[in-house]
Amino acid sequence: MAAAKEIRTQIGSIKNTQKITSAMEMVAASKMRKAQDLMKASQPYAKQIRNVVAHIADANPEYRHDYMVERDEVKRVGYIVVSTDRGLCGGLNVNLFKAVIKNAAQWRDQGAELDFCALGSKAGGFFKKYGGNLVAAKSGLGESPKVDDLIGSVKVMLDAYDDGRLDRLFVVYNEFVNTMTQKPVVRQLLPLSTDIGGDEQDEENARPGSWDYLYEPDAKALLDNLLVRFIESQVYQAVVENGACEQAARMIAMKNATDNAGGLIDDLEMVYNKARQAAITQEISEIVGGAAAV
Amino acid sequence: MANSFTCNIVSAEASIFSGSVEQIIASGQMGDLGILPGHAPLLTELQPGPIRVIHDGGKEENFFVSGGFMEVQPDVVTILADAASRAGDLDEAAAEEARQQALKAFNEKSSELDYTRAAAELAEAVAQLRTIQQLRKKAGKG
């Protein structure tokens with residue numbers, strides 16, 4: 001019966017693991033709802049500021065901000081990589097890093113150098129191993145990240161852009177398509193591309209290049225502040241969206257783990273019953289054999 | 001509809017207000033501004049303070065913003081507030097306490113203090129009080 005006992009302990013330990021994974025699944029499900037609420041709550045601001053910046057890009061401002069001018073030569077490219085702080089969320093981070101590397105390889109082939117800013121400890125760990133030039137890192141954002149937490153890291157990248165140490169800036173994060181699907185996206189932040197996805201509805205009364213705002217107090221100070229705010233809000237949006245993705249991915253990963261554990265338990269129970277049956281059969285045949293010998 | 005335009009007030013955390021309005025009075029960086037339909041495109045920074053929104057039909061509503069930006073297009077006004085709340089939700093006692101605290105922090109020269117931050121907090125508390133008092137005055141009149 002030694003084999004049977006071993007199998008029984010194994011079943012017991014898998015059952016414990018299954019309990020843990022199913023608890024984690026439920027926790028992730030409830031956190032996902034919160035993260036989704038957070039994501040939805042910050043969407044209006046991100047959308048409106050995108051509209052405003054799209055208008056500015058359409059206008060013919062007296063002052064062309066540095067962020068709006070395409071630079072001829074791209075010598076250095078920056079990436080803000082938004083990852084999770086914790087693991088056990090399936091292929092979420094791995095897929096994201098693959099997307100970064102693929103995009104970065106294209107720039108490297110064109111002779112550009114790369115700088116990375118890691119948000120979330122997984123990205124930090126990855127770039128330490130991968131060997132990218134990590135210029136800023138921030139982790140421990142928690143479940144409800146604040147804009148204030150991000151300002152520092154974003155500022156590092158913006159300062160680098162202002163000084164001409166970066167010629168292009170991307171943000172990389174997971175887009176929340178639905179609970180089952182998260183898609184890694186690489187979005188260009190700087191320079192502001194003409195197609196930043198403002199509202200299309202006022203296409204017909206768009207008068208590109210023929211008008212300008214009145215500015216109060218003056219265009220330079222205002223646009224400086226507004227565009228920095230815009231970048232921050234885009235990064236913040238990326239972070240909260242990635243947060244919702246994390247919980248969704250974890251929920252799915254834990255659901256799969258729970259199902260797999262169930263499968264394993266079924267298989268092992270089958271093996272256990274067979275072993276038990278074999279032992280009984282053997283015992284009976286021994287007794288019968290013994291009786292016949294007498 | 002010629003007498004009205006769309007107004008969107010959003011803060012980083014939520015959408016505060018969206019609808020058709022007749023007039024908006026906001027406190028801009030260079031003073032208060034009244035926006036009527038068909039205003040020329042304008043972009044301004046907002047100071048902490050009240051935003052008065054006059055709805056279609058003359059009903060008035062107050063919002064409080066602690067800074068942000070306002071974009072004016074002829075038929076749509078977008079207010080990107082740093083933090084916004086309906087003025088009715090403001091608590092005078094809390095605002096007064098915040099003001100006292102900010103003043104105290106401001107006056108404590110010995111401590112290593114971020115003066116710009118204290119000044120900003122003070123301005124915000126004062127603006128909140130201003131909003132409440134404005135509301136109060138109106139309520140007294142009406």
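**Close-up views of chains A and B**

**View 1. Chain A runs through the pattern α-β-α-β-α-β-α-β-β-β-α along its sequence.** The model is predicted. Five helices and six strands make up the secondary structure of chain A. Among contacts between residues at least 6 apart in sequence, 77% link residues at least 24 apart.

**View 2. Chain A has a radius of gyration of 28 Å.** A compact globule of 294 residues would come near 19 Å. Along the principal axes, the C-alpha atoms of chain A fill a box of roughly 115 × 40 × 30 Å. Of the 294 residues in chain A, 44% are buried.

**View 3. The surface exposed by chain A amounts to about 15,300 Å².** Carbon and sulfur atoms supply 53% of that area. The side chains of chain A include 35 positive and 40 negative ones. The centres of these two sets lie 9 Å apart.

**View 4. Residues 5–84 of chain B carry a UniProt domain annotation.** The record, an unreviewed entry, lists this stretch as "domain: ATP synthase F1 complex delta/epsilon subunit N-terminal". In the model, residues 5–84 of chain B are 76% strand and 0% helix. The C-alpha atoms at the two ends of this stretch are 21 Å apart.

**View 5. H55(B) sits in strand 4 of chain B, which spans residues 42–55.** Its relative accessibility is 15%. H55(B) therefore counts as buried, the cut-off being under 20%. Leaving aside residues up to four places away in sequence, H55(B) touches F17(B), S20(B), V21(B) and E22(B). E60(B) and E61(B) are also among the residues that H55(B) touches. Q133(B) is 78 residues from H55(B) in sequence. The C-alpha atoms of H55(B) and Q133(B) are 21 Å apart in space.

**View 6. Q100(B) belongs to helix 1 of chain B, residues 92–107.** Q100(B) counts as partly exposed because its relative accessibility is 38%. That class lies between the buried limit of 20% and the exposed limit of 50%. Q73(B) is 27 residues away from Q100(B) along the chain. From C-alpha to C-alpha, Q100(B) and Q73(B) are separated by 39 Å.

Conventions:
Residues numbered from 1 in each chain as written. Chains lettered and ligands numbered in written order. Predicted model: local features only at pLDDT ≥ 70, side-chain atom pairs only at ≥ 80, totals over all residues. Heavy atoms only, no water. Helix = DSSP H or I, 4+ residues; strand = E, 2+ residues; numbered from the N terminus. Rg over C-alpha atoms; globule rule 2.2 N^0.38 Å. Buried < 20%, exposed > 50% of the residue type's maximum accessible area, 1.4 Å probe, protein only. Contact = heavy atoms within 4.5 Å. Areas by Shrake-Rupley, 256 points an atom, 1.4 Å probe, with all protein chains shown as cover. Lys, Arg positive; Asp, Glu negative; His and termini not counted. Charge placed at Lys NZ, Arg CZ, Asp CG, Glu CD. UniProt positions renumbered as here; feature names shortened; annotations may be inferred.
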